[in-house]
Structure formats: structure tokens, C-alpha cells
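Please take a moment with the sequence and the model below, and then follow the text through the side chains that meet one another.

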Amino acid sequence: MKKDGNEEAAEKVALFDKLEDECLVCEEPFDKKDKEMVMSWNVVVREKEGKVNLYCPTCWGKAQSVIEEARKMVEASNAGEG
């Protein structure tokens, strides 16, 4: 059964209240009222755990680079299996 819009909105607002005031990795302060920060920072919602993780652009970029490097290593490893 599908939830109505009000229930979904209430859940999202509750999760927004769990948003921290700093980056999860480097602890750089986050200002929820700063439009530029709101638009440039990354939020990862883990609904099952009821967690909201906040990452500054620098830490997010570093994480994306690590993931990309790992992906390339896996692809290179898989290419050598042929």
C-alpha cells in the first residue's frame, strides 16, 4: 500500500531534523541557512537505520575519487582474468 503525500513529507522532515551541523568526516561546520552550503554539500539518507550523513564538498570529492580508483582496479583485475 502506498503512503500518502503527508506521511512521506512528515518522514522527510523528521529525517531533516537528524541532519548534523558538521561534516561527518572532517567536522567542518554546516549552516542550514546558507543557501550555497545547502546546494553544495551532500546528504546520504539511510532510511532503514534512520541516519542522515552529511558530507562537505571536499570530503565528498575525496570519497568519489577513492571509489573511482577502486572501480578502475577491479576492472583492470577482471580484464586480466580472460
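In this predicted model, the count of aromatic pairs comes to 2. A pair of aromatic rings is described by the distance of the centres and the angle of the planes, and both values are given here for each pair.

One of the pairs is formed by Phe30 and Trp41, whose rings lie 4.9 Å apart from centre to centre, with 45 degrees between their planes. This pair is called tilted, because that name covers angles that are neither under 30 degrees, which would count as stacked, nor over 60, which would count as edge-to-face. Where do Phe30 and Trp41 lie along the chain? Phe30 sits in the loop between α1 (5–17) and α2 (35–40), whereas Trp41 belongs to the loop between α2 and β1 (42–46), so the pair ties together parts that are 11 residues apart in sequence. Are the two residues buried or exposed? Phe30 has a relative accessible area of 9% and Trp41 has one of 8%, and because buried means under 20%, Phe30 is buried, and Trp41 is buried as well.

Tyr55 and Trp60 also form an aromatic pair, with 5.7 Å from centre to centre and 50 degrees between the planes, and this pair is tilted too. Here the two partners fall into separate classes of accessibility: Tyr55, with a relative accessible area of 16%, is buried, while Trp60, at 27% relative accessibility, counts as partly exposed.

We now turn from rings to charged side chains. The structure holds 2 salt bridges, and Glu68, Arg71 and Glu75 are linked by salt bridges in a network. Arg71 forms a salt bridge with Glu68, where the closest N and O atoms are 2.2 Å apart, and the side chain of Arg71 also meets that of Glu75 in a salt bridge, at 2.4 Å from N to O.

Why can Arg71 be paired with Glu68 and with Glu75 along the helix? Arg71 and Glu68 are 3 residues apart in helix α3 (residues 57–79), which means that about one helical turn separates them. Arg71 and Glu75 are 4 residues apart in helix α3, so these two are likewise separated by about one helical turn.

It remains to ask how accessible the members of this network are. Arg71 is partly exposed, with a relative accessible area of 37%, Glu68 is partly exposed at 31%, and Glu75, at 44% relative accessibility, also counts as partly exposed.

Technical notes
Residues numbered from 1 in each chain as written. Predicted model: local features only at pLDDT ≥ 70, side-chain atom pairs only at ≥ 80, totals over all residues. Heavy atoms only, no water. Salt bridge = Lys/Arg side-chain N within 4 Å of Asp/Glu carboxyl O. Buried < 20%, exposed > 50% of the residue type's maximum accessible area, 1.4 Å probe, protein only. Phe/Tyr/Trp six-rings, centres within 6.5 Å; stacked < 30°, edge-to-face > 60°.
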